[in-house]
Amino acid sequence: MFASPCCGTVKRMRSRLAASVVALSLVAVLIAACGGNDSGSKKSASDKTSGLTVSVSDDTVSLARTAKSTSGTAGTSGTVSCTDDYSKLVKASTVPAPTQPWYATTYITWPATGKSTSATLSHSLKGDPQLCVVQSGDQGASAVIYFDAKTKAGVEKVQTDGAKTQQAGQATQALQSAAQAAIGAVSNKAFPTSGDTIVAAITSSGLYVKPVASESDVTEAGTIYVITGKSTKSSLELALKDNKGTIHTATEGVKGSPKLATVKN
């Protein structure tokens, strides 16, 4: 199955960022966090959904859980990896060495609810942390925690651009994967009437997709489009412009394989 990074979830980290932390088996959705400064050089970022907070002060990192956090198991081993240059991290094809000045990592004991634990990073970062990847050893919890909105937006742009490039170069495979993912949204032998529901189903498979009304709205190379104006409860129309400008389409029923075609210019 064709796989590509998507546009907004941890699965949206399934591109180069996910590859760079493959040793951590990162499979979580992206987590938007709010950053804040404590006294001195300490920087912290928290996420309400997971109940996790990461704080970095020089070469010391702390991981805290709220009293109601269900993320991870207390006492198990975990890892925290941080960077002050996300652009290098998302472009890395392998897990960065901890000797890289822009990447610091360490093992950490997973805290109990309402508690925190600390560990010493491989080294201190020269700049402020932009994001930290947190992974429990049993893979019961994982997160990418951002220290500012600009970093999150930057990572998502890199992922989106990478997804579009890959999909434009493998148009047929991308459409086939999108069509199969859309079948997962079928209920009572019918596609949902909401285009957003179908988009969500395709996005969850790691593809970049948008809804549009007609094929005339297919303008961006590499973006998979759900053609809402030609889709019904029994049939779904998808389109994608490849890197040569040719528009490919896929017509998918509620079961079976899609019918593929190209649009004549």
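This is a short tour of the structure, stop by stop, with something to select at each one.

**Before you start**

Keep in mind that you are looking at a predicted model. Show the whole chain as a cartoon and you should find 5 helices and 14 strands. Of the 265 residues in the chain, 49% are buried. Now switch on the surface: the accessible area comes to about 12200 Å², and carbon and sulfur atoms account for 50% of it. If you count contacts between residues with a separation of 6 or more, 55% of them link residues 24 or more positions apart.

**Stop 1: a four-stranded sheet**

Select β5 (77-83), β6 (103-109), β8 (131-136) and β9 (142-146). These strands make an open sheet in the order β6-β5-β8-β9, and the pairing is antiparallel. Which strands stand at the edges? They are β6 and β9, and each of them pairs on one side only. Going from one strand to the next, the twist averages 15°.

Zoom in on β5 and β6, which are antiparallel and joined by 7 bridges. To see one of the pairs, pick T79 and look across to Y107, its bridge partner in β6.

**Stop 2: the disulfide**

Stay with this sheet and show C82 and C132 as sticks. A disulfide joins the two, with an S to S distance of 2.0 Å. A disulfide is a covalent bond between the sulfur atoms of two cysteines. A search of the whole structure finds 1 disulfide. Rotate the view to look at the S-S bond: the angle about it is 105°, and the link of C82 and C132 is right-handed.

What does this pair tie together? C82 sits in β5 and C132 in β8, so the link connects parts that are 50 residues apart in sequence. Are the two cysteines buried or exposed? C82 is buried, at 1% relative accessible area, and C132 is buried too, at 0%.

**Stop 3: the largest nonpolar core**

Next, select V54 and V56. They have the most contacts inside the largest nonpolar core, which has 20 residues. Several strands supply at least two residues each: β3 (52-57), β4 (60-65), β5, β6, β8 and β9. The largest share, 3 residues, comes from β3.

Show what surrounds V56. Leaving aside residues up to four places away in sequence, V56 touches a set that includes V61, L121, P129 and F147. Both cysteines from the previous stop, C82 and C132, are also among the residues V56 touches.

Apart from this core lies another, of 19 residues. To find it, select A174, L175, A179 and L207, which are among its members.

**Stop 4: a five-stranded sheet and a helix**

For the last stop, move along the chain to another open sheet, this one of 5 strands in the order β10-β11-β12-β13-β14, with mixed pairing. Select β10 (209-212) and β14 (259-263): these are the edge strands, each with a single partner, so one side of each has no neighbour in the sheet. On average, neighbouring strands here are turned by 30° against each other, direction ignored.

Look closer at β10 and β11 (224-227), which run parallel and are joined by 4 bridges. Pick V209 and you can follow the pairing across to I224, its bridge partner in β11.

Finally, add helix α5 (195-203) to the view. This helix lies across β10, β11 and β12 (235-241), running at about 165° to β10.

Note on methods. Residues numbered from 1 in each chain as written. Predicted model: local features only at pLDDT ≥ 70, side-chain atom pairs only at ≥ 80, totals over all residues. Heavy atoms only, no water. Pairing = 2+ DSSP bridges. Axes fitted to C-alpha atoms, helices over the stretch in contact; angles between N-to-C directions. Contact = heavy atoms within 4.5 Å. Buried < 20%, exposed > 50% of the residue type's maximum accessible area, 1.4 Å probe, protein only. Areas by Shrake-Rupley, 256 points an atom, 1.4 Å probe, with all protein chains shown as cover. Core = buried A, V, L, I, M, F, W, Y, C linked by side-chain atoms within 4.5 Å. Disulfide = S-S within 2.5 Å.
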